[in-house]
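These are my notebook entries on a structure that I examined feature by feature. I set down each item as I looked it up.

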Amino acid sequence: MPATAAVAPPPTAPEQLASRLSSGDSDESLLPTLREIKNQIIGNRTKKLLYLRLRAVPKIVALLSSSSSPSPVIVQAAAAVGSFACGVEEGVRAVLDAGAVPHLTVLLSHPDAKVVDSAARSLRIIFQSKLAPKYDFLLEENKTFLLSLLNSTNENITELAASIVAHSCEKPTEQTSLCDAGVVQKLVSLLGGSSNQRDTSLDAISAIVKNNPEVATKFVSISNGKAFISLMGLMQDRYPRTRLLACVCLISIEQAFPVYFQEMQIKTKLILILLDLIEEAGRVGDEAPFVLKGLIGESEELHRQALSVTAAERLCGYLRKGKAVLEARRLDGILLVLAELGSKLEQSRAQLIELQVPSLIIDLLKHDCAQVRVAACHVIKNISRSLKHLCAGRFGSESIVMPLVQLLCDSSTSVQTAALDAICNVAVNLTTKKSALLQSGGVSILCQLARSMHSEVQLKSVRALRNLMFLLDRKDKDLILTELTVSTLTILISDPDPLVQEQALALAGNFVDGSGVSAKFIFSEDISIIDAVSRQLKGECSPGMCIQGMFFLANMAAENELQKDAVMDCILPTSLDLSISHPNFFLVTFLQSKERLLRLSTLWCLINLVNPDQRNSFRVSALQGAGIISQLKTMVNDPCLDCKLRGFKLQLHHGIKMPPSKHQIEKTYLS
């Protein structure tokens, strides 16, 4: 007969295996049950969740503490616990709730080496989760326990010790305490061990030196700098993860002790290595862009250096080659690095635009992952800070605007707010042609979001409307306010949030800027925008709100007699007795403010009010009676030249003929 291959028996159903754990079976039966459960759940999230529902974890943890459990059963039980905790938060939570950590910790002293190894490996997996408990290293007993682990000759235990440090050490006092206890020297000695020992030690060293100049200084002086040299050497290690962790560690030292990194050569090397690591498969390639962003963040010098080593070209190359196949985590990281590069320097933004980054990421605005959509919005927000390209209307195209408008209805609030940030900049578009935003339905959605109960969404929607209103044609301005409604604008001006009030005042100021303001919007029968502004200016409000309110009045006063009279009624109500001095009159207070723009906006308002006409002398007399003119005399010594000149003219001429003035600055807000 021909030979036949042996057929493996079918796997046992999870329900059967879970029931065997509490059936009182003999140790001989428990061993294969535990082994099969462990094998079924390795790398299988669905099976892990099924066993969690079957309450298998508490039964397995109970075997760890049973005095009757033989070593082979304990080994398999500990391994199964580690498998449940690997990569699944629900599994970690179940393991912790079952009390596995204390039981596994006790097993580190077990006489059987295999039990010790299994317990140490499982504990290490648990402490890689953010849910794991943290050790307080200011307690002497915890510090003693840690040192005992580091002094062990068992590789698994020393790796566990390093994992505990990386997970738990956060406070500067803990960092210093561990350093003084010799923990850093112990970790440095592990850098010469196996690849696992090196990686866990690098993680732990990063945690101890992070944002702690004292500890970072001590590290670089260990063995006359040999520890630092060893760390530099690990950037060239053959294992990608070791190279990545060495970069993370060096960045932590650089940020805590920048004096040691004054040479650009080391930083350049870090940038190049991290760019290479983005190509690596798996977790290393996914994490590398985030490490790169952390390195160059907030540093114009490193932005320039990254550009000089073609970082932008390489990152765009990754997007071109693999944006359809790259993992969401890696796409998110690459986009955030591009956003960082576009956040500060005009030359960076110009280069990113030249590389056609906006076109590259349009599809990513529709990505399934919310974080990728958020990151893509950040890129557009930062690149669109370029005034040169805003003036050219480069970001107003339908291909960019439409996907952003669609994201305003996204189910994720974080995506909505990111899209609003981008639209806020794109809406500036320093031309009168903003047809893409106006015709895309974006105005209607922005007006709806301006009424949102979510404070951040509301604020950013009002800010976007403010910028959209800037330099817009009168017809389109009226269209926006018709959609928003005067009543909504007055409510926003009186909103409980001062930031919303300030943006609403700026929106109103941009609306009245320019000729031909429709009286029906400013002087409606029931609701008056100017009354809402007046109430805010006369109350207790922030300098920013006062500035925007005065710019609104300045633009109002630059127009016709009806508007000038309305502004006069606002700042000098008929109830004000002009026969006596009013040192606390709000305009006098504004002229005395330390805020340059508040003094300047108030002066613009006064200049526009007293422009020559048949009622000019009346307005000057009224202002003089309120103490305004006498306050102007003190402004000859104003530290701001602009304020000094305008104050001097008002004081000297009291309304002598001068060309009409309209405020044309500080009208927009680039995110």
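**Entry 1: asparagines with positive phi**

Where is the place of Asn211? I worked from a predicted model, and in it I found Asn211 in the loop between α13 (195-209) and α14 (213-220). I looked up its backbone and read a phi near 55°, a positive value in a residue other than glycine. I noted this because most residues other than glycine have a negative phi. I then checked accessibility: Asn211 counts as exposed, at 56% relative accessibility.

I turned next to Asn224, whose place is in the loop between α14 and α15 (226-234). Its phi is near 55° and positive, again in a residue other than glycine. Asn224 has a relative accessible area of 80% and is exposed.

**Entry 2: helix α31 and its ends**

I asked which residues of helix α31 (residues 474-484) are buried. They are Arg474, Asp476, Lys477, Asp478, Ile480, Leu481 and Leu484. I recalled that an α-helix has 3.6 residues a turn, so residues three or four places apart point the same way. Just after α31, I recorded a positive phi of about 80° for Thr485.

I also followed the side chain of Arg474, and its charged end sits over the ring of Phe511, 5.0 Å from the ring centre. I entered a second case beside it: the charged end of Arg329 sits over the ring of Phe290, at 3.8 Å from its centre.

**Entry 3: aromatic pairs**

How many aromatic pairs does the count come to? I noted five aromatic pairs. Among them is the pair of Tyr51 and Phe84, with 6.4 Å from centre to centre and 80° between the planes, which is edge-to-face. This pair links distant parts of the chain, for Tyr51 is in helix α3 (residues 45-53) and Phe84 is in helix α5 (residues 71-85), 33 residues apart. I checked whether these rings are buried or exposed. Tyr51 counts as buried at 0% relative accessibility, and Phe84 counts as buried at 1%.

I then took up Tyr135 and Phe145, a stacked pair with 5.8 Å between centres and 20° between planes. Here too the pair links distant parts of the chain: Tyr135 is in the loop between α8 (113-126) and α9 (140-150), while Phe145 is in helix α9, ten residues apart. With a relative accessible area of 17%, Tyr135 is buried. Phe145, at 23%, is partly exposed, because buried requires a value under 20%. I added that ring pairs link Phe127, Tyr135, Phe137 and Phe145 into a cluster.

**Entry 4: cysteines**

I searched for disulfides and found zero in the structure. Cys605 is in no disulfide, and its nearest cysteine sulfur, that of Cys570, lies 8.1 Å away. Cys605 counts as buried at 1% relative accessibility.

Why is the sulfur of Cys643 not in a bond with that of Cys640? The sulfur of Cys640 is the closest cysteine sulfur, but it is 3.6 Å away, which is too far for a bond, because a disulfide needs the two sulfur atoms within 2.5 Å. Cys643 is buried, with a relative accessible area of 0%.

**Entry 5: helices α4 and α7**

I looked up how helix α4 (residues 56-65) packs with helix α7 (residues 100-107), and I read an angle of about 30° with the axes 9 Å apart. The two helices are therefore roughly parallel to each other, because angles under 35 degrees count as such. I also recorded that α4 passes α7 in a left-handed crossing.

**Entry 6: residues far apart along the chain**

I went on to Pro111, which is found in the loop between α7 and α8. Pro111 is exposed, with a relative accessible area of 79%. Its C-alpha atom is separated by 9.6 Å from that of Ser71, 40 residues apart along the chain.

My last item was Ser177, in helix α11 (residues 172-180). Ser177 is buried, with a relative accessible area of 14%. The C-alpha atoms of Ser177 and Glu140 are separated by 9.8 Å, although the two residues are 37 residues apart along the chain.

Notes. Residues numbered from 1 in each chain as written. Predicted model: local features only at pLDDT ≥ 70, side-chain atom pairs only at ≥ 80, totals over all residues. Heavy atoms only, no water. Buried < 20%, exposed > 50% of the residue type's maximum accessible area, 1.4 Å probe, protein only. Phe/Tyr/Trp six-rings, centres within 6.5 Å; stacked < 30°, edge-to-face > 60°. Helix = DSSP H or I, 4+ residues; strand = E, 2+ residues; numbered from the N terminus. Lys NZ or Arg CZ within 6 Å of the ring centre and 35° of its normal. Axes fitted to C-alpha atoms, helices over the stretch in contact; angles between N-to-C directions. Parallel < 35°, antiparallel > 145°, perpendicular 65-115°, else oblique. Left-handed = near helix turned anticlockwise from the far one by under 90°.
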